[in-house]
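Hello,

Here is the structure I promised to pass on to you. Please have a look at it first, and then read my notes below.

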Amino acid sequence: MSDLRDKLRAPWEELIWHDSLRNLVGETTAGVPPQEEVLGQSRAVKAIKLGLAIKSAGYNIFVAGVPGTGRRKTVEKLLEEHNVEGPIPKDLCYVNNFKYPDQPRLLTFAAGGGREFKKRISDTIDMLKKKVPAIFESEEFQAARNEIVNRHIGRQKALFKNFESKVQQSNFMMVQVQVGPFTRPDLAPVVVGNPRKIEELESLVEEGKFSPEELEKIKAKYQELSQEMEKIIKEARDIDKSIQQDLEGLSKDRVEPVVKDLISPIREETSDEAVTAYLDELQQDIIENLDRFKPRLVQGMPGAEGGMPGQAMLAPPEQILFKDYEVNVIVDNSETTKAPVVFETTPTFRNLFGGIDRVVDQRGVWFSDYRHIKAGSFLKANGGYLVLNARDTLVEVGVWPVLKRTLREAILEIQTDPFSFLFTASVKPEKIPVIIRVIMVGEPEIYDIVHWYDEDFQKIFKVKAEFDSVMPNTSDNVQKLLSFVSHVCKEEELLPFDLSGIEALTRMAVRWAGRKKKLTARLERIADLIREADLQAKSEKASAISGAHVEKAHAERIERVNMIEDKIHEMIEDGILMIDTEGERVGQINGLSVYSLPEFSFGRPSRITAKTSMGKGGIINIEREAELSGHSYNKGVLILSGFLRDRFSQDKPLNLTASITFEQSYSGVDGDSASSTELYALLSSLAEKPIDQGIAVTGSVNQHGEVQPIGGVNYKIEGFYKTCKAKGLTGKQGVMIPRLNLGDLNLEPEVVEAVKQGKFHIWAVDHVDQGIEILTGIAAGEPDKDGNWPEDSINYLVDQRLDELARAMKDFESGSEPGGQSEGDEEG
């Protein structure tokens, strides 16, 4: 036993990564050039460059990786390098559609052209505000206007004068009759020099004071004159219309040349058909609506809008009068020097795709028009690059369907937020063609889920840039890591690292990677440790960050989050969780498990026991029966049956009932890292040989008995070391691990020092035969050519026990006593 333990004991040098960085660092990192390139992500960088280089549709990029690997920083850097030159996207404007106001027109201009066009239109309207009133107020216009008015008014007066003469000759008088809030002209007969109503004359007839025959004559004349008066009033109204038409014609004739002169230069400077069509409609609308340009306080006149002569009318405010002529520039690239790059950190529907605002008018009514159309970050990035967080984008209501439809069709339609249930806008703006490269940054599992369950995803995100969480531990990458450290220290004005500090930091980078041949690529985690170590160094007024500062910062970080670990170890010390670290027990062994929390992982020992008996139940997995085990754990237990059948049941049936469990385990168990541990407990129970309780075990096993590597080996070793330290180190305790995990070891300095001093041990095994010998002190044994095991070896004792159980089971089923005869058998 002693020879095998010594032979398989791992030397302390293999328990930690150590490599001198003196040739790379010098005295401190102050002399190391800051990082200038992406660290450890060559695969992802190549994929991103591919997506940026190909201009075809669908080559949007999904950057997949765990947080802290520098995904966003890498995207920013590569976009800076790639987006050096290229076409500047056009300005986007919405203008009024004079024919269909609910369908605003889209106009596009070269960068800066939208702002210039808006100014030109605004200046044109401002000029018309001055020139048109000046035309209307000019003596020439007033003379022409008066001539038209006087000519038509003369006709009206002549009509009414002739009619009034006829009325007087017929003993009638024209009067105004009140009808509600209005008055209308009417006729009244004159009797004894006074106008009287027909109703009054009828009353006089009834009283006998007026002749019925005379009344009938008056009624007949009244009817005749009333009909004639209606005709005259109609002719007067026609004259009013003629006045209005002639005045409008006069206004158009005088103003139209001015409007054309102002708009023609703008028209001549563009060859865009959409802009030309808009200018034509604009010119026509201005000429058709000249009243907008009249002075705000207009004196009424016959035929003019606003009422009767002498009545004053207050015109609406200018912002209402001229709102139809405004230009809404929704994307202004006048100051853009290259393709835009937009990082949208809050990808709500409105922020991403824009929307149509709703405002309250002077009457308190909600309304929207083309002036209230707003662009989102998607349009602001049009012609360039839009960077989104995948998780944020997918959880926002309504965003993903619109995003993928827009990318698929290359057309964006601005609309009211479809999930705003209080208000909806009746405006339907013209659709906008888009050319854009979208880069989504998210976790690998998000990519997988969307890729599998959305068939459009793979059509619009054809490039996957996968960020690794680790990178090779090469001298080149270590040098880049030092450059990253130098960059963080200089950018944030932190102290430089001395040689011991940078070695300790690099050792942590190796530990977090999980293997000595790897470095972690989660640079944010390294940066956090740099900042916390800087705080430790400054608190001690040091001039540089040393290894002690790094280790202290790391220890304090662990202390902030390891309360659960401390409570578990406290229960182990108090004996509440029963763990033996000394002595020997049959069928009992210390297994090791890892507890993974969001910020922290730690290992702890667990007592595993096995009990065996005669029967046909096979190996009973108590965790599975209690529904506390996962699929991987169940598989590991089933493998044990395969190993036993292969090794011990070639000449007899495996008549065995065995139960295996994690004692004092009340939550779920998963993973197969305890399968070799359970096999050792099972072999101990069958061979009835005790296991050293000072040795904890981890490692999975296959059906050939080969011990396979597992994860979390550092946490497991450190967890058992803490338990042994609390209960007292004897110099015989340790952990047995798979040999293939030696390359993963990077233990805490305290554990390494204990191993170096012989107070704690690490054994690395390849096969369960080696493991059972270390645990029991008895050789496993090799079969001879006839398949027989050496006497008193573990395999011999297990084989003998299984043979006894098989015979006993046979005797039990036949009804005879073990070793005796069944009923009816005769002696001799």
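Asn-162 counts as exposed because its relative accessibility is 56%, where the cut-off for exposed is over 50%. You will find Asn-162 in helix H6, which covers residues 139-169. Please keep in mind as you read on that this is a predicted model. To get a feeling for the distances, try Asn-162 together with Asn-473: the two are 311 residues apart in sequence, and their C-alpha atoms are 115 Å apart in space. Another pair to try is Pro-11 and Ala-806, with their positions 795 residues apart in sequence and 44 Å from C-alpha to C-alpha. Pro-11 sits in the loop that links helix H1 (2-8) to helix H2 (22-25), and Pro-11 is partly exposed, with a relative accessibility of 36%.

Next, please turn to strand S2, residues 91-95. Why can S2 be called largely enclosed by the rest of the structure? The reason is that 5 of its 5 residues are buried. In a regular strand, side chains alternate between the two faces of the sheet. In S2, Asp-91, Cys-93 and Val-95 point one way, while Leu-92 and Tyr-94 point the other way, and all of them are buried. S2 also has partners: with strand S3 (residues 105-109) it forms an antiparallel pairing over 5 bridges, in which Tyr-94 stands opposite Leu-106 of S3. With strand S9 (residues 328-331), S2 shares 3 bridges, and these two strands run antiparallel. There, Cys-93 is placed opposite Val-329 of S9.

Now for the nonpolar side chains. In soluble globular proteins, such side chains tend to be buried together. Which residues touch the most other members of the largest nonpolar core? They are Tyr-680 and Met-736, in a core of 45 residues. Leaving aside residues up to four places away in sequence, Tyr-680 touches a list of residues that includes Ile-589, Ile-691, Val-697, Met-736, His-767 and Leu-775. There is also a second, separate core of 40 residues, and among its members are Leu-352, Phe-378, Val-427 and Phe-457.

Some nonpolar residues are on the surface, too. Ile-449, Trp-452 and Tyr-453 form a nonpolar patch there, with about 490 Å² of accessible area together. Trp-452 belongs to helix H15 (residues 444-453) and counts as exposed, since its relative accessibility is 69%.

For a buried polar residue, look at Asn-477 in helix H17 (residues 475-491). Asn-477 has a relative accessible area of 9%, so it is buried. Not counting residues up to four places away in sequence, Asn-477 touches Leu-39, Met-471, Pro-472 and Leu-519.

Finally, here are two places to check in the backbone. Asn-171 is not a glycine, but it has a positive phi of about 60 degrees. Asn-171 is in the loop between H6 and strand S4 (172-179) and is partly exposed, with a relative accessible area of 48%. Ala-410, also a residue other than glycine, has a positive phi near 60 degrees. Ala-410 is in the loop between helix H14 (399-409) and strand S16 (411-412), and at 34% relative accessibility Ala-410 counts as partly exposed.

Best wishes

How values were computed. Residues numbered from 1 in each chain as written. Predicted model: local features only at pLDDT ≥ 70, side-chain atom pairs only at ≥ 80, totals over all residues. Heavy atoms only, no water. Helix = DSSP H or I, 4+ residues; strand = E, 2+ residues; numbered from the N terminus. Buried < 20%, exposed > 50% of the residue type's maximum accessible area, 1.4 Å probe, protein only. Pairing = 2+ DSSP bridges. Patch = residues over 30% accessible without salt bridge, like charges linked within 9 Å, V, L, I, M, F, W, Y side chains within 5 Å. Areas by Shrake-Rupley, 256 points an atom, 1.4 Å probe, with all protein chains shown as cover. Salt bridge = Lys/Arg side-chain N within 4 Å of Asp/Glu carboxyl O. Contact = heavy atoms within 4.5 Å. Core = buried A, V, L, I, M, F, W, Y, C linked by side-chain atoms within 4.5 Å.
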